Amino acid sequence: MTEKAAPEVDVKSAKFRRKDRLYLAMMILPILACIVLKVLFTPAGDGGVQISGAMIFLGENTSMTSLYISESQVNTWAVMISILGLCLYMTHGLSEKAVLKRQLAAEWIVEKCETLVKNNMGGFFREWAPFVAAIMGLSAFSSLICLVGLFSPTGDVNVTFGWAILVFFMIMYYKFRGGLWNYTKGLFSPIPVFAPMNLIGEFATPVSMAFRHYGNILSGAVISALIGSALTGLSKSLLGWLPGVLSDMPLLRVGLPAVLSVYFDVFSGVMQAFIFAMLTMLNVAGAVPWDDWNARRKKRNKPEIQNLVA
Amino acid sequence: MLELAMGIMLGLLGLGAGCAMIAGIGPGIGEGNAVAKACEAIGRQPECKSDVTSTMIMGCAIAETTGLYGLIVAILLIFVAPGTFTGILKDAIK
C-alpha cells in the first residue's frame, strides 16, 4: 500500500459543523450585503418600473476618463465569493466512502465538466475543465442573481466584454503556436485582398461573444420591465374603482411577470452561460494550427502532440 | 427653435430604433428553419433526440447574434443617444 488512506472525517464533530456554517455564511452573506447596499443607494422614487444600467457607488473623475465602482463590479465580486463558498462547502469533508451527499453532487459536476471539455476540445485540453467550469458558473450565477432583485452583472456590457477579451487572448495564444510567419500568412489567404476581412474576423469573435451574452440578458431585463410597467398602467385603468389602498396596488402585476421571468431570467441566463463556455471551448480548440505546431516541435526535437477527441 | 429641433430629434431616434429592430426578421426565419429541420431529424431518428436538441439550441443561440446587434443599436438609440444628442443640439443652437 503506497497510497495513504485519507483521514476519516468526523462529520458530527463541532469543528466540522462550525466550518460548515462558516462556508454557508460565505455563500449567503455577500448576496445579502449587496441587497443592503442596493437598498441604501437606491434613491427614493415613485415605485414605478425603471429601466436603468448599473448603479454607480463610487466615482472618481480623472483627467483621462472616469473611474467608477459600479453595481456590476460589486455584484460580480459578491457572486465570486459566493461561488467560492459553495465550492468549499461542497468539497468539505470529502472521504472515500462518500459519507455526505454533497460529495456526490460535487463529483457529478466535476465529472460532467471533464466529459464536456474532453468531448468538445480533445484530450490535449483536459486541464481546461476548471477554467470552463469557472466561466460557466460565474456567468450562470451572475445572470441568476437578478432573481433576488439585484442587477445582473452580465447585463452590463463591460463585464461580458472583459470575459470575451480574456478568451480572445487565449485564442491568440494558441493561434501563435504555429509560428508568427504562418499566422501572418494565414491572414493573407486565400488571396491577399482578403486580409482586411480576415483581420476583422479575428476581432469579431470576442465582440460577438460579448454582445450575444449581454444582449440576451439585457433584452430579458428590458422586456420584463416593459411588461411590468404595462401591467401597472392596465391595472390602474381597470381596477381604479376599487376602494381605498386597493386602487393604488398594481394587482395585475401578480403572477404573469413571474412566469415570464422563468424564461427570460432562468432559462436565458443558464443557456447563455452554457453557450459562452461552449464557444470558448470551440474557439480555443479550433484556433490551434496542429500541423504547423507539430512541424515546429519536430524541428526542436520535441515529441509530437496529438489531440484525441474522445 | 430648440423645442422643434428636440422634437424632430427624438422622433427620428424612435423611428431609427424601430427600423433597427427589422433585424429581428432574419433570426426569426433562420431559427424557424433550424427548428423545423431539427424536428424532421428527430422524427427520422428519435433515438438521437438529445444530441439534436442540444445542437439546435446552440445553433439557434448563435443565429440570434445578428438580431441582438439590432436590439443593441435600438437600445442605444432609445436610452443613450438622446442624452448625447441633446447636448450637441444645445451647443449648436446657442
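With 14 C-beta neighbours inside 10 Å, Ala295(A) counts as partly exposed, and this residue of the predicted model makes a convenient way in to chain A. Ala295(A) belongs to helix α9 of chain A. Its C-alpha atom lies 32 Å from that of Trp163(A), a residue 132 positions away in sequence.

Just beyond that helix comes a backbone feature worth a look. Asn301(A) sits in the segment after α9 (290-299) of chain A. Its phi is near 60 degrees, a positive value in a residue other than glycine. Asn301(A) is exposed, because 6 other C-beta atoms lie within 10 Å, and a residue counts as exposed at 12 or fewer. A second backbone feature is found in the loop between α6 (180-187) and α7 of chain A, where Pro190(A) lies. The peptide bond that joins Ser189(A) to Pro190(A) is cis, with omega at about -5 degrees. For context, most residues other than glycine have a negative phi, and most peptide bonds are trans.

Turning to the overall architecture, chain A contains nine helices and two strands. Read from the N terminus, the order of its elements is α-β-β-α-α-α-α-α-α-α-α, which places the two strands right after the opening helix. The radius of gyration of chain A is 25 Å, whereas the globule rule gives 19 Å for 310 residues, so chain A is more spread out than a compact globule. Along the principal axes, its C-alpha atoms fill a box of roughly 85 × 65 × 40 Å. Of the 310 residues in chain A, 21% are buried. Long-range pairs are well represented in the contacts: among those with a separation of 6 or more in chain A, 71% are between residues 24 or more positions apart.

The interior is best followed through the largest nonpolar core, which has 42 residues. Those with the most contacts inside this core are Val117(A), Trp128(A), Val132(A), Met209(A), Phe276(A), Ala277(A) and Met281(A). Both chains take part: α2 (71-90), α3 (101-121), α4 (129-144), α5 (157-175), α7 (195-238) and α8 (256-287) of chain A each supply at least two residues, as does α4 of chain B. Met281(A) gives a closer view of the packing. Leaving aside residues up to four places away in sequence, Met281(A) touches Val117(A), Asn120(A), Met121(A) and Val132(A).

Two of the helices that supply this core, α5(A) and α7(A), also pack against each other. Their axes come within 8 Å and cross at roughly 150 degrees, and the crossing is right-handed. On the α5(A) side, the residues that meet α7(A) are Val157(A), Thr160(A), Phe161(A), Ala164(A), Ile165(A), Val167(A), Phe168(A) and Ile171(A). Facing them from α7(A) are Thr205(A), Pro206(A), Met209(A), Ala210(A), His213(A) and Tyr214(A). Sorted by class, this helix contact has eleven nonpolar, three polar and no charged residues. Met209(A) thus appears in the α5(A)–α7(A) contact and also among the core residues with the most contacts.

Chain B is built from four helices and zero strands, running α-α-α-α from the N terminus. Its radius of gyration is 21 Å, while a compact globule of 94 residues would have one near 12 Å. The C-alpha trace of chain B spans about 70 × 15 × 10 Å along its principal axes. Buried residues account for 9% of the 94 in chain B. Among contacts in chain B between residues at least 6 apart in sequence, 86% join residues at least 24 apart.

Helix α1 (residues 2-20) of chain B offers a local example in Leu4(B). Leu4(B) is exposed, with 8 other C-beta atoms within 10 Å. The C-alpha atoms of Leu4(B) and Leu15(B), eleven residues apart along the chain, are separated by 16 Å.

The two chains meet through nine residues of chain B, which are in contact with eleven residues of chain A. On the chain B side, α3 (49-63) and α4 (65-93) each supply at least two residues. The largest share comes from α4(B), with six residues. This side of chain B divides into eight nonpolar residues, one polar and no charged. The helix α4 of chain B therefore has two roles in the description, giving the most to the side that touches chain A and supplying at least two residues of the largest nonpolar core.

Note on methods: Residues numbered from 1 in each chain as written. Chains lettered and ligands numbered in written order. Predicted model: local features only at pLDDT ≥ 70, side-chain atom pairs only at ≥ 80, totals over all residues. Contact = placed C-beta atoms within 7 Å. Nonpolar A, V, L, I, M, F, W, Y, C, P; charged D, E, K, R; others polar. Rg over C-alpha atoms; globule rule 2.2 N^0.38 Å. Buried ≥ 20, exposed ≤ 12 C-beta atoms within 10 Å, placed from the backbone. Core = buried A, V, L, I, M, F, W, Y, C linked by C-beta atoms within 7 Å. Axes fitted to C-alpha atoms, helices over the stretch in contact; angles between N-to-C directions. Left-handed = near helix turned anticlockwise from the far one by under 90°.
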